[in-house]
Amino acid sequence: IVHEEAGEDIMHLSGAEEGDVYKSVFGIFRSRSIWLITNLFATIMASTVVKGFQDIIAEISVLAVLMPIVASMGGTTGNQTLAVAVRALGTKELTASNTLRTVGKEFMVGVVNGLLFACLIGIITWIMFPTQHELSLIIAIAMLCNLSLASLAGILIPLTLHKLKIDPAIASGVFLIALTDSGGYFIFLGLAKLILF
């Protein structure tokens, strides 16, 4: 039963459902399109954040090259935490007694990952753009912040949805993507505006 529940949760994380193989095209379309529409609005929100900084992107076009890195790494980090949290909720390993400790632990994993990848991307950016040293600092700070926040969101979103009696396996991914993309762009471009202008 535990394995079946975990398998079902994994299917839900991708927006799919068990038994999709046997459903009609319209049935599959209906169950998946709801979350794709929600995702569309999440990506529009992220685009709106970018639009707010279009003047500095136009002035320093290299920002457009670097900003997807921060958002993508945040999304991946958040998804790792999300998978652990959804599975732990499904198997009843995450309980009221260990929730606070688990949230703290996942956040610290995000901070440690953030420090590691901040250093790596800082060095890589320094090598790629040797005449623009400030970019290394900007992307390193943005990476640390976004990975830390993504880990926190990856655990808090499913916990909140679970508390609201909404299946976290189905709904968490969309909210996480909205947060990590919009947050990643805002942190990176906001820092760029603060430091470069």
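**Close-up views of a predicted helical model**

**View A. Asp181, a residue of helix H7, is buried without a salt bridge.** In this predicted model, the side chain of opposite charge nearest to Asp181 belongs to Lys51, which is 18 Å away. Leaving aside residues up to four places away in sequence, Asp181 is in contact with Ala46 and Ala71.

**View B. Phe188 and the largest nonpolar core, a set of 29 residues.** Within this core, Leu63, Met67, Tyr185, Phe188 and Leu189 are the residues that touch the most other members. At least two core residues come from each of H2, H3, H4, H5 (99–128), H6 (133–163) and H7, and the greatest contribution is that of H6, with seven residues. When residues up to four places away in sequence are not counted, Phe188 touches Leu63, Leu66, Met67 and Val70, together with Ile138, Ile139 and Ala142. Another core, of eight residues, lies apart from the largest one and includes Val86, Leu161, Ala169 and Leu176.

**View C. The aromatic pair of Phe26 and Phe29 within helix H2 (residues 25–51).** The count of aromatic pairs comes to two. In the pair formed by Phe26 and Phe29, the ring centres are 6.0 Å apart and the planes stand at 40 degrees, so the arrangement is tilted, an angle that falls between the limits of 30 degrees for stacked and 60 degrees for edge-to-face rings. The two residues are three places apart in sequence, about one turn of the helix; an α-helix has 3.6 residues a turn, so residues at a spacing of three or four places point the same way. Phe29 has a relative accessible area of 49% and is therefore partly exposed, since the exposed class begins over 50%.

**View D. The edge-to-face pair of Phe53 and Phe186.** Here the rings lie 6.0 Å centre to centre, with 65 degrees between their planes. The pair links distant parts of the chain, for Phe53 sits in the loop between H2 and helix H3 (54–59), whereas Phe186 belongs to helix H7 (residues 168–196), and 133 residues separate the two in sequence. The partners also differ in accessibility: Phe53 is buried, with a relative accessible area of 9%, while Phe186, at 51%, counts as exposed.

**View E. Helix H4 (residues 62–90) and the residue Lys92 that follows just after this helix.** Helix H4 comprises 29 residues and reaches 43 Å from its first C-alpha to its last, which is close to the 42 Å expected at 1.5 Å a residue. Just after H4, Lys92 adopts a positive phi of about 65 degrees.

Notes: Residues numbered from 1 in each chain as written. Predicted model: local features only at pLDDT ≥ 70, side-chain atom pairs only at ≥ 80, totals over all residues. Heavy atoms only, no water. Helix = DSSP H or I, 4+ residues; strand = E, 2+ residues; numbered from the N terminus. Expected span 1.5 Å × (residues − 1). Phe/Tyr/Trp six-rings, centres within 6.5 Å; stacked < 30°, edge-to-face > 60°. Buried < 20%, exposed > 50% of the residue type's maximum accessible area, 1.4 Å probe, protein only. Lys, Arg positive; Asp, Glu negative; His and termini not counted. Salt bridge = Lys/Arg side-chain N within 4 Å of Asp/Glu carboxyl O. Contact = heavy atoms within 4.5 Å. Core = buried A, V, L, I, M, F, W, Y, C linked by side-chain atoms within 4.5 Å.
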